[in-house]
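Work through the three exercises below. Try each one before reading its solution.

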Amino acid sequence: MDKCNNLKSGGIARSNINIVEDLFKSKKVVKICAPMVRYSKLAFRTLIRRYECDVAFTPMIVSNSFVKSVKARDSEFTTNSNDHPLVVQFAASNSKDLADATEIISPYANGVDLNCGCPQRWAMAEGYGAHLIKKPELIRDMVRQTQSRINQKDFSISIKIRLHKNIRETVDLCQKAEHAGISWVTVHGRTVQQRTEPVDYDAIKTINDSLSIPVVANGDIKFLEDVEKVHANTGVKGVMAARGMLQNPAMYAGYENTPLQCVQDWVSSQNKICLHLDHVFV
C-alpha cells in the first residue's frame, strides 16, 4: 500500500434504495464478513467478494481517534469503486463521536455499524463495545443523532451485540434499538464472559422472533452448511463469519478448504489493489 497514491474521490452514487436492506429482502440469507482487527481491510474484502460474500465490514475503528487524527483516517479506512456493499464499524462511547465519524465516511460506504459487542477489557473500560449493551438509552441517542446528521435513505445504521445473561434484557435492548431506527442487528450468540462456549442459537431465534427488522447470526460459522443450518434453525435473514472466513476466504462459495485459485487471487490482488484505490483520506 506504500506505493499507492492518495486520491480524492467524489464518493459513491446515492439513491433511494438501501443496498444492504435490499439484500435482506431479495436473498434467502445474506452472507456477511465480520469486522476483524487487522484483517478485514480492503485487500481481504476484495478477495472475499469474489467468493460469494454479499456484504463486508471494515475492522472496528475507534471513532474518537478517527475524527481527530488525519493519520488515523489515512491508515484505518481505504476503499475503491468495487468495494461495495461496505459497512464501516465504529467503536464509540457517545453520540457526537459516532455522528462525526459517520459523517466523514458516509460518502464512501453503504452503512455504519456501532460495535456493542467487543468483550475486550480495554474497550469496555473506554465505554466501547459490550459496555453499551447495559445502556440502551445511550444506544438510542447515538443512533438517532447519527441518523439526523446523515439523513440518507440509502445508508444503513446497524448495531452488533452480545447476549445478556438474561435473554429478556437482550430482547428489550434490540426492541429499543429497532424503535430508535436501526436498519438491522447482528447478534453474537455468546455473553460477554463467554469465549469458546457453544453459540446460543435458541437465544438468537428468540431475538429474531421478537423483531421486525433483519437479524444476523454471528458465531461459529465455518462452512456453507453452517449458514444453511443456522438459517433453518433460527429464521435469521443473515449470517456473519469471522474466523471461518480467515481459515477459508472461499467458504461462502461452498469450498470446504481454501482452493488454490483463492490463494492465487490473493497474491494477484496485492499487486492490483493500488491501481484501483479510489479513496484514502488526505
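**Exercise 1: a surface residue**

The model is predicted. Place Val263 in its helix, then decide whether Val263 is buried, partly exposed or exposed.

Solution. Start with the helix. Val263 sits in helix 12, residues 260-272. Next, take the relative accessibility, which is 43% for Val263. Buried means under 20% and exposed means over 50%. Val263 therefore counts as partly exposed. Now look at the surface around it. Val263 joins Leu260, Trp266 and Val267 in a nonpolar patch. Together they have about 380 Å² of accessible area.

**Exercise 2: an arginine**

Find the helix that holds Arg45. Then say why Arg45 counts as buried, and which backbone oxygen lies 2.9 Å from a polar atom of its side chain.

Solution. Arg45 belongs to helix 2, residues 42-49. Its relative accessibility is 2%, so Arg45 counts as buried. The backbone oxygen is that of Thr78. Finally, check the contacts, leaving out residues up to four places away in sequence. Arg45 touches Thr78 and also, among others, Phe57, Pro59, Asp83 and Leu86.

**Exercise 3: the cores**

How many residues are in the largest nonpolar core, and which helix gives the most to it?

Solution. Count the core: it has 60 residues. Phe90, Ile159, Ile161, Val185 and Met245 have the most contacts inside it. Helix 8, residues 167-180, gives the most to this core, with five residues. Apart from this core lies another, of 12 residues, including Val20, Leu23, Val55 and Val216. For background, nonpolar side chains tend to be buried together in soluble globular proteins. Last, go to Phe90. Beyond four places in sequence, its contacts include Met60, Phe66, Leu98, Ile105 and Leu114.

Methods: Residues are numbered from 1 along each chain as its sequence is written. This is a predicted model: local features need pLDDT of at least 70, side-chain atom pairs count only at pLDDT 80 or more; totals for chains, interfaces and linings use all residues. Side-chain values use heavy atoms; hydrogens and water are left out. Helices (H or I, at least four residues) and strands (E, at least two) are DSSP runs, numbered from the N terminus. Buried means under 20% relative accessible area, exposed over 50%, partly exposed in between (1.4 Å probe, protein chains only). A polar contact is a pair of N or O atoms within 3.5 Å; within protein, one must be able to donate a hydrogen and the other to accept it, and residues adjacent in sequence count only if both atoms are side-chain atoms. Contact means heavy atoms within 4.5 Å. Patches are made of residues with over 30% relative accessible area and no salt bridge: like charges are joined within 9 Å, nonpolar side chains (Val, Leu, Ile, Met, Phe, Trp, Tyr) within 5 Å. Accessible areas come from the Shrake-Rupley method with a 1.4 Å probe; for residues, only the protein chains shown count as cover. A salt bridge is a side-chain nitrogen of Lys or Arg within 4 Å of a carboxyl oxygen of Asp or Glu. A nonpolar core is a set of buried Ala, Val, Leu, Ile, Met, Phe, Trp, Tyr and Cys residues joined through side-chain atoms within 4.5 Å.
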